[in-house]
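Let's walk through this one together, one feature at a time. Ask whatever you'd ask with the viewer open.

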Amino acid sequence: MSHHDDRGPDSTSEGTERVPQAAPGVPPVENPAPVEDDPRGEEILEFWETARVRAGEGKVGVVTGFGISATVPPPAWSFGDNPALADGLLAAVLSGDKTATSSSHWEYGDDVPLPQVGELSIILDGDGHPRALIRTTSVEVVPFDQVSADFAAAEGEDDRTLESWRAGHKRYFTRVLVDHEFREDMPVVCERFELRFPRQR
């Protein structure tokens with residue numbers, strides 16, 4: 001997602017959002033490979049080592065030993081389509097204001113699967129640095145014009161109303177969609193999540 005067209009770079013409204021992408025230098029879980037030659041990949045690995053323990057994701061390893069899933073970081077991605085927006089939405093996640101994100105169902109396919117309940121994600125800031133660990137708690141695909149007011153509020157953007165959500169996301173999708181045009185009934189992936197690390201104080 002990106003900012004409203006009529007707002008400055010510090011705005012955190014206008015659609016979200018999840019930008020499906022692997023972190024630079026970090027391979028997908030199903031094909032782990034060394035990342036020591038990539039400074040950003042090493043940074044993400046270090047973040048994951050801290051985050052998984054602090055979030056309680058590593059407790060089972062005391063008894064059973066850690067497998068690949070414990071040592072390879074989950075997918076890393078940023079919100080939005082520009083650095084300022086990524087930072088603004090990340091701040092909303094860290095403050096607890098943002099517990100949901102949405103994206104076009106058309107962005108997904110064989111190469112980019114839909115988010116799954118229970119999966120972890122590392123959230124990057126606008127400069128690509130890992131800042132948060134979240135866990136997906138629900139995923140629903142609904143038409144754009146049937147997204148609920150409750151979900152719009154959970155996205156934590158603008159004034160949290162359904163009206164502002166629709167206006168902002170319509171602008172966003174109109175701008176970023178590739179090979180599709182915005183439609184009121186376009187399928188939207190509505191994802192809710194919980195912040196696992198760092199925990200709110």
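**Reading the model, feature by feature**

Pro-198 sits in the segment after β5.

Q: Okay, starting right there: which residues does the cis peptide bond join, and what is omega?

A: As a general idea, most peptide bonds are trans. Here, a cis peptide bond links Phe-197 to Pro-198, with omega at about -5 degrees.

Q: Before I go further, how far can I trust the coordinates? What does the pLDDT average over the protein chain?

A: This is a predicted model, so confidence comes first. The protein chain averages a pLDDT of 81, and 73% of the residues score at least 70. Over residues 1-13 the pLDDT falls below 50, though that stretch still has 54 contacts in the model beyond near neighbours in sequence. Residues 20-36 are also below 50, with 32 such contacts. Where pLDDT is low, don't read the predicted coordinates in detail.

Q: Fair enough. How many helices and strands are there in the protein chain?

A: Six helices and five strands. Along the sequence, the pattern reads α-α-α-β-α-β-β-β-α-α-β. The protein chain has 201 residues, and 45% of them count as buried. For contacts with a separation of 6 or more, 73% come from residues 24 or more positions apart. The accessible surface is about 10000 Å², with 50% of that belonging to carbon and sulfur atoms.

Q: Now the strands. Is β3 largely enclosed or open, and why?

A: Check burial residue by residue, then look at each face. In β3 (residues 120-124), five of the five residues are buried, so the strand is largely enclosed by the rest of the structure. Leu-120, Ile-122 and Leu-124 are buried on one side, and Ser-121 and Ile-123 are buried on the other, so to speak covering both faces.

Q: Which strands does β3 join, and do they run parallel or antiparallel?

A: Take the partners one by one. β1 (residues 76-77) runs parallel to β3, with two bridges between them, and Trp-77 stands opposite Ile-123. β4 (residues 130-143) runs antiparallel to β3, with five bridges, and there Leu-120 stands opposite Arg-135. β3 and β4 also make a hairpin with five residues between them, and Gly-128 in the turn has a positive phi of about 85 degrees.

Q: On to helices. What span should α4 have, and what do its end C-alpha atoms give?

A: Count residues and use the rise. α4 (residues 83-95) has 13 residues, which at 1.5 Å a residue should span 18 Å; the end C-alpha atoms are 18 Å apart, so the two agree.

Q: And which residues of α4 are buried?

A: An α-helix has 3.6 residues a turn, so residues three or four places apart point the same way. In α4 the buried residues are Leu-85, Ala-86, Gly-88, Leu-89, Leu-90, Ala-92 and Val-93. Their cover includes β3, β4 and β5 (187-197).

Q: What happens at the start of α4, and what does Gly-96 do just after α4?

A: At the start, a side-chain oxygen of Asn-82 comes to within 3.2 Å of the backbone nitrogen of Ala-84. Just after the helix, Gly-96 takes a positive phi of about 90 degrees.

Q: What about residues that have a positive phi although they are not glycine?

A: Most residues other than glycine have a negative phi. Asp-158 has a positive phi of about 55 degrees, and Arg-160 has one of about 70 degrees. Asp-158 is in the loop between α5 and α6, and so is Arg-160, where α5 covers 149-154 and α6 covers 162-176. With a relative accessible area of 33%, Asp-158 is partly exposed; Arg-160, at 35%, also counts as partly exposed.

Q: What is Arg-160 in contact with, leaving aside its neighbours within four places in sequence?

A: Asp-97, Ala-152 and Ala-153. The Arg-160 side chain reaches the backbone oxygen of Asp-97 at 3.1 Å. Arg-160 and Asp-150, ten residues apart in sequence, are 8.9 Å apart C-alpha to C-alpha.

Q: Last one: is Arg-52 buried or exposed?

A: Relative accessibility under 20% counts as buried. Arg-52, in helix α1 (residues 39-54), has 5% and therefore counts as buried. Its side chain makes a polar contact with the side chain of Glu-49 at 3.0 Å.

Conventions. Residues numbered from 1 in each chain as written. Predicted model: local features only at pLDDT ≥ 70, side-chain atom pairs only at ≥ 80, totals over all residues. Heavy atoms only, no water. Buried < 20%, exposed > 50% of the residue type's maximum accessible area, 1.4 Å probe, protein only. Helix = DSSP H or I, 4+ residues; strand = E, 2+ residues; numbered from the N terminus. Pairing = 2+ DSSP bridges. pLDDT = per-residue confidence, 0-100. Contact = heavy atoms within 4.5 Å. Expected span 1.5 Å × (residues − 1). Polar contact = N/O pair within 3.5 Å; in protein donor to acceptor, adjacent residues only side chain to side chain. Areas by Shrake-Rupley, 256 points an atom, 1.4 Å probe, with all protein chains shown as cover.
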